[in-house]
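This report covers the surroundings of the ligands, a strand pairing and a surface patch.

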Amino acid sequence: MEEKKELKVEDIKTAAEGKRCPVQKALYYISEFLSGPMCGKCFPCSMGSYEAKVRLQGIVDGEGTESDLRALRRIASEMAESSMCKKGKDSAKFIMEWMGTDVYREHLEGRCPDKECLALIEYRIITDACTMCGLCKDACKYGAILGEKPKPYLSGYMPYEVRQKRCVKCGECVKVCPEGAIIIVDAGLTEPVGVQ
Ligand code: SF4
Ligand code: SF4
Ligand code: SF4
């Protein structure tokens, strides 16, 4: 059987850079670091990584608080100062990289500017741009799209819309819409969405 190759810190960083959202980058990084290169020999790195993961997960899940931000700063600074090897110190730097920007605070307020944190986004159909072709409804495996193609013998019609409670935010509907009529907005947005 082929032996599983352990990922190096640099490989994890490169993969994390593939995420758009800085909080997702940090969460991906620390999760992979914990399951691979983190050896557990020193406390600031082992406990710090674990606690950072819990706090970052809470933030991407839309449950982050000011106390999580303070804790992340403390954890990263302790890891940078007291980790026994470069791996722990480099991980602290990676976590800290975007903490000075507004992006973490925006998450605490319920917005992911990069529209990548699923708990903080919704898929919506722009009614004015929708030609009612039905392709999105056919593509959605979760029965999360309501709507009917117009019938010539009926005057009324049911516009296409996303049922938020059923939507798992897989993005398949966006891929098939020929009109670009499905967009991602902040979760809970109350204003109607229009053509952009
Ligand atoms: S800092 Fe280095 S030695 Fe300490 S737990 Fe992390 S990887 Fe292991
Ligand atoms: S994002 Fe996925 S689950 Fe949600 S409506 Fe589109 S296809 Fe369905
Ligand atoms: S695929 Fe696009 S244009 Fe067609 S029904 Fe869905 S939202 Fe409307």
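The model is predicted. Ligand 1 is surrounded by P37, M38, C39, G40, K41, C42, C45, S83, M84, C85, K87 and G88. By class, this shell has seven nonpolar, three polar and two charged residues.

Around ligand 2 there are 13 residues, and the closest are C140, C167, C170, G171 and C173. The shell of ligand 2 divides into ten nonpolar residues, one polar residue and two charged residues.

The class counts of the two shells are set out below.

| Shell | Nonpolar | Polar | Charged |
|---|---|---|---|
| Ligand 1 | seven residues | three residues | two residues |
| Ligand 2 | ten residues | one residue | two residues |

The next element is a strand pair. Strand β1, residues 121-125, runs antiparallel to β4, and five bridges join the two strands. One of the contacts involves I125, whose bridge partner in β4 is I182. Strand β4 spans residues 182-186 and is mostly covered, with four of its five residues buried.

A nonpolar patch lies on the surface. F43, M47, Y50 and V54 make this patch, which has an area of about 440 Å². Of these patch residues, F43 belongs to helix α3, which covers residues 43-60. Is F43 buried or exposed? F43 counts as exposed because its relative accessibility is 61%, and the cut-off for exposed is over 50%.

Technical notes. Residues numbered from 1 in each chain as written. Chains lettered and ligands numbered in written order. Predicted model: local features only at pLDDT ≥ 70, side-chain atom pairs only at ≥ 80, totals over all residues. Heavy atoms only, no water. Near = heavy atom within 4 Å. Nonpolar A, V, L, I, M, F, W, Y, C, P; charged D, E, K, R; others polar. Buried < 20%, exposed > 50% of the residue type's maximum accessible area, 1.4 Å probe, protein only. Pairing = 2+ DSSP bridges. Patch = residues over 30% accessible without salt bridge, like charges linked within 9 Å, V, L, I, M, F, W, Y side chains within 5 Å. Areas by Shrake-Rupley, 256 points an atom, 1.4 Å probe, with all protein chains shown as cover. Salt bridge = Lys/Arg side-chain N within 4 Å of Asp/Glu carboxyl O.
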